[in-house]
Amino acid sequence: ADSVYFSPTHLAAFNMLEFGLHEQVGITVITGEVGSGKTTLVRHLLRRIDYDQLTLGLISTTHRSFGSLLKWIVDAFRLDVPNDDAGMLLQTIQEFLLREYAAGKRTVIVIDEAQNTDIADLETLRLLTNINADGQQLLQIIVVGQPGLRDKFHDPSMSQLAQRVSAEYNLQPLSTIETMSYVNY
């Protein structure tokens with residue numbers, strides 16, 4: 001059985017995640033403090049997805065010391081690339097997205113712990129939102145992280161990326177009454 005406690009805040013955040021997924025919006029951003037339930041909500045969403053129509057890539061942590069975001073995405077979708085050249089990685093991802101689209105599948109990447117991304121990675125996200133066919137964006141992006149992530153998206157240098165965020169939610173800590181309700185649950 002799927003046992004997830006939904007405070008009103010968590011339910012609103014989950015509904016926004018589901019909306020973002022079903023309406024195929026470009027970028028969905030969920031932020032909140034450590035332990036606020038972000039990853040739990042994402043996992044709950046992933047358990048409810050119809051994988052016949054969707055291809056999912058999951059990045060559970062991002063850190064520059066382990067390579068670029070493009071490399072993480074290639075690895076998340078288990079794509080073969082001859083080398084780690086950024087152009088080659090981007091081309092491989094683009095070809096993959098076009099194949100999935102031609103097969104009638106939507107493609108989603110979930111990036112958890114995304115507060116560790118840097119400006120170059122965020123610029124990569126913007127580039128990925130430019131990949132489309134028949135006017136449809138081919139990659140949906142769900143970005144999850146601590147509150148510092150919001151600051152990065154709202155940085156004036158990231159205005160083009162911020163414009164591509166279709167759904168955003170910041171999870172607040174539980175109130176005293178919500179905490180009591182959670183304990184009872």
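Let's start at Thr-179, which counts as partly exposed at 35% relative accessibility. This threonine is found in helix 8, and everything described here comes from a predicted model. For a sense of scale, compare its position with that of Thr-117: the two are 62 residues apart in sequence, and their C-alpha atoms are 31 Å apart in space.

Stay with helix 8 for a moment. The helix covers residues 176–184, and Tyr-182 is found in it too. With a relative accessibility of 46%, Tyr-182 counts as partly exposed, because the partly exposed class runs between 20% and 50%. Together with Val-183 and Tyr-185, Tyr-182 makes a nonpolar surface patch of about 370 Å².

Now for a residue with much less accessible surface to show. Ile-141 is found in strand 6, which spans residues 139–145. At 1% relative accessibility, Ile-141 counts as buried, since the cut-off for that class is under 20%. What is Ile-141 in contact with, once its neighbours within four places in sequence are left aside? The list includes Gly-26, Ile-27 and Thr-28, then Ile-109 and Ile-111, and finally Leu-125, Leu-128 and Thr-129. His-22 offers another reference point: Ile-141 and His-22 are 119 residues apart in sequence, yet 12 Å apart in space from C-alpha to C-alpha.

Two of those contacts, Leu-125 and Leu-128, lead us on to helix 5, where both take part in the contact with helix 3. Two packed helices are described by the angle between their axes and the distance between the axes. Here, the axes of helix 3 (residues 69–76) and helix 5 (residues 119–128) come within 9 Å and cross at roughly 55 degrees. That angle makes helix 3 oblique to helix 5. On the helix 3 side, the contact is made by Leu-69, Leu-70 and Ile-73, while helix 5 brings Asp-121, Thr-124, Leu-125 and Leu-128.

Helix 5 also holds a charged pair. Side chains of opposite charge can pair when their charged atoms come close. The side chains of Arg-126 and Glu-123 meet in a salt bridge, with 2.6 Å from N to O. Because these two are three residues apart in helix 5, about one helical turn separates Arg-126 from Glu-123. Which of the partners is buried and which is partly exposed? Arg-126 counts as buried at 14% relative accessibility, whereas Glu-123, at 29%, counts as partly exposed.

Helix 3 has a salt bridge to look at as well. The side chains of Lys-71 and Asp-84 meet at 3.9 Å, N to O. This pair links distant parts of the chain: Lys-71 sits in helix 3 and Asp-84 in the loop between helix 3 and helix 4 (86–102), 13 residues apart. Lys-71 counts as partly exposed, with a relative accessibility of 21%. Asp-75 joins in too, as Lys-71, Asp-75 and Asp-84 are linked in a network of salt bridges.

In total, the count comes to five salt bridges. One more deserves a visit: the side chains of Glu-18 and Arg-48 meet in a salt bridge at 2.9 Å, N to O. Glu-18 lies in helix 1 (residues 8–22) and Arg-48 in the loop between helix 2 (38–47) and strand 2 (54–59), so the pair ties together parts that are 30 residues apart in sequence. Glu-18 itself is buried, with a relative accessible area of 18%.

Definitions and conventions
Residues numbered from 1 in each chain as written. Predicted model: local features only at pLDDT ≥ 70, side-chain atom pairs only at ≥ 80, totals over all residues. Heavy atoms only, no water. Patch = residues over 30% accessible without salt bridge, like charges linked within 9 Å, V, L, I, M, F, W, Y side chains within 5 Å. Areas by Shrake-Rupley, 256 points an atom, 1.4 Å probe, with all protein chains shown as cover. Salt bridge = Lys/Arg side-chain N within 4 Å of Asp/Glu carboxyl O. Helix = DSSP H or I, 4+ residues; strand = E, 2+ residues; numbered from the N terminus. Buried < 20%, exposed > 50% of the residue type's maximum accessible area, 1.4 Å probe, protein only. Axes fitted to C-alpha atoms, helices over the stretch in contact; angles between N-to-C directions. Parallel < 35°, antiparallel > 145°, perpendicular 65-115°, else oblique. Contact = heavy atoms within 4.5 Å.
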